[in-house]
Amino acid sequence: MSGCVFPSHNWGEWNDSQLQPTIQRLMKGYNRYLRPNFNEGPVEIGMSLDIASIDAISEINMDYTATIFLRQRWRDSRLVFPGNESVSVDGRLVSLLWIPDTFIPDSKRSFLHDVTVENRLIRIFSNGTVLYALRITATIACNMDLTKYPMDKQVCTLQLESWGYNLQDVVFYWTRGNDSVKGLDILRLAQYSVESYYTSVSEAVYETGKYPKLVLHFALRRNVLFFILETYVPSVLLVVLSWVSFWISQSSVPARTCIGVTTVLTMTTLMMGARTSLPNANCFIKAIDVYLGICFTFIFGALLEYACAHFYTMQHHTIEDIHRALLRDLNESNGNGPIPIIRSTQPNHSVEISSTAEEHVEQSLNSDTKNNAGSKEDMPGQGCGLSSVKDASRRAAAIFVVENPHNIDRHARTVFPTAFLFVNILYWLYYLFL
């Protein structure tokens, strides 16, 4: 044991003895702080992407989380070696080479996978081409327009830029155009489907200069079937349930009131639940909010319809009672007149009285008319003005007088479904085809 000699290695740093002979020759005199083609023109860097997954798309935060495989290629003449083969080296040797300072400008959070080691790949070809690949998970911002939610289509982007090297130093390009992006065709999402995608090359302009930029555009179409089953169908059923009260007798006050109040409260709960997963932004009037507002209006209108029908029914009964009381007092004052015969015929509850009572009523009306005529002759100017005001008030009151309150329910059975069907046609035509 005392004769064994253990070689001393500097495990914190790489030295020439730990490199393969080819790598050792390539690294001799290599300066990783200087880019390739220094003072000879920009370095052309080709990029390609594999979209492994899109884990979450958040409308509240307006972002999406994606796991991507980013591959970058460039040529470094300092790494040329004889032969036609390539050399794959450990990813930890990336600290010995010059690599681009590519970053994602719209990224909120991102990290490099490191299980079991950092997911990096370095491959050097004989002509000096370097392939650098890594696996990244990033949460990237996406500006969304939710005015047609849940029938919306969102266009999100994935941008790649150079942090410190401007256009005089590096140039970015897609290696195979739109075919440089893989994985979106077979991607399966919970609420969305990838409708289309394309790539573009542009430049980012900042105060410090112009920098290369590559952009991946992809359109996401939301699957509306889930929302139809969860929100649209229950709201339609609640509207139809509110129409059941039109076929219930107006005398059943508890039944009709219970249906109206229950449907209003249930619709309110449904509206609150539909907004929990959406941003509370005043600038967005979403399509689902419009539809729920329409349904709530029809349900509330059905409740108001019963209130109006009940009011006119009670008013009609009150007028009949007053009429009967006046006729009874008139017959009692005459003493010898026959008892008026009062009977209700059709639903308009018209009242028939005896001929003797009619004569007494007509005589009292004629005497009142003569008295009014005498007063008008005394004050011709003022009487004309008062009579015109009274006539106008009678006409205005006649507009709100309903002869048969039961006709309100009869007309509501037709008006409410027809209006709701018409509004639905306009709604779906606008949000699906416009």
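How much accessible surface does the protein have, and what share of that surface belongs to carbon and sulfur atoms? In this predicted model, the accessible surface comes to about 25900 Å², and 59% of that area belongs to carbon and sulfur atoms. The protein has 434 residues, of which buried residues make up 35%, and its secondary structure comprises seven helices and 12 strands. When contacts between residues at least 6 apart in sequence are considered, 76% of them join residues at least 24 apart.

The pairing of strand β1, which spans residues 43-58, can be followed through several partners. With strand β2, residues 63-75, β1 runs antiparallel, and 11 bridges join the two strands. Within this pairing, Gly46 has Arg73 of β2 as its bridge partner, while Leu49 stands opposite Leu70 of β2. The two strands form a hairpin in which four residues lie between them. One residue of the turn, Met62, has a positive phi of about 55 degrees, although Met62 is not a glycine. This residue, placed in the loop between β1 and β2, counts as partly exposed because its relative accessibility is 21%, the category of partly exposed residues lying between under 20% for buried and over 50% for exposed.

Parallel pairings of β1 are also present. Strand β9, residues 170-174, runs parallel to β1 and is joined to it by five bridges, with Glu44 standing opposite Val171 of β9. Strand β10, residues 181-182, likewise pairs with β1 in the parallel sense, over two bridges, and here the bridge partner of Leu49 is Val181. Leu49 of β1 is thus placed opposite Leu70 in β2 and has Val181 as its bridge partner in β10. Strand β2, for its part, pairs with strand β7, residues 129-141, in the antiparallel sense over 13 bridges, and Arg75 is found opposite Thr129 of β7 in this arrangement.

The largest pocket of the model has a volume of about 330 Å³. Its lining consists of 20 residues, and those that lie nearest the centre of the pocket are Glu59, Tyr149, Gln191, Phe226 and Phe227. By residue class, the lining divides into 12 nonpolar, five polar and three charged residues. Strand β1 (43-58) supplies at least two residues of this lining, as does each of the helices α2 (225-242) and α3 (253-274). Tyr149, listed among the residues nearest the centre of the pocket, is also joined to Pro150 by a cis peptide bond, for which omega is about 10 degrees. Pro150 itself is placed in the loop between β7 and β8, the latter spanning residues 153-162.

A further cis peptide bond joins Val115 and Thr116, with omega at about 0 degrees. Thr116 lies in the loop between β5 (107-112) and β6 (120-125). As regards backbone torsions, Asn39 is a residue other than glycine with a positive phi, near 65 degrees. Asn39 is located in the loop between α1 (21-27) and β1, and with a relative accessibility of 69% it counts as exposed, since the exposed category begins over 50%.

Pro212 offers a view of the surroundings of a buried strand residue. This proline is found in strand β12, residues 209-222, and its relative accessibility of 2% is why it counts as buried, the cut-off for that category being under 20%. Leaving aside residues up to four places away in sequence, Pro212 touches Leu160, Glu161, Ser162, Tyr165, Asn166, Leu167, Val170, Val171, Phe172 and Ser202. One of these contacts, Asn166, is 46 residues away from Pro212 in sequence, yet the C-alpha atoms of the two residues are 6.7 Å apart in space. Val171, also touched by Pro212, is the residue of β9 that stands opposite Glu44, in the parallel pairing of β9 with β1.

Conventions: Residues are numbered from 1 along each chain as its sequence is written. This is a predicted model: local features need pLDDT of at least 70, side-chain atom pairs count only at pLDDT 80 or more; totals for chains, interfaces and linings use all residues. Side-chain values use heavy atoms; hydrogens and water are left out. On a 1 Å grid over the protein atoms alone, a cavity is a set of points where a 1.4 Å probe fits but cannot get out, and a pocket is an open set with protein on both sides within 12 Å along at least five of seven lines; lining residues have an atom within 4 Å of a point. Grid points are joined across faces, edges and corners, and a volume is the space filled by probe spheres set on the points. Ala, Val, Leu, Ile, Met, Phe, Trp, Tyr, Cys and Pro count as nonpolar, Asp, Glu, Lys and Arg as charged, and the others, Gly among them, as polar. Two strands pair if DSSP finds at least two bridges between them. Buried means under 20% relative accessible area, exposed over 50%, partly exposed in between (1.4 Å probe, protein chains only). Contact means heavy atoms within 4.5 Å. Accessible areas come from the Shrake-Rupley method with a 1.4 Å probe; for residues, only the protein chains shown count as cover.
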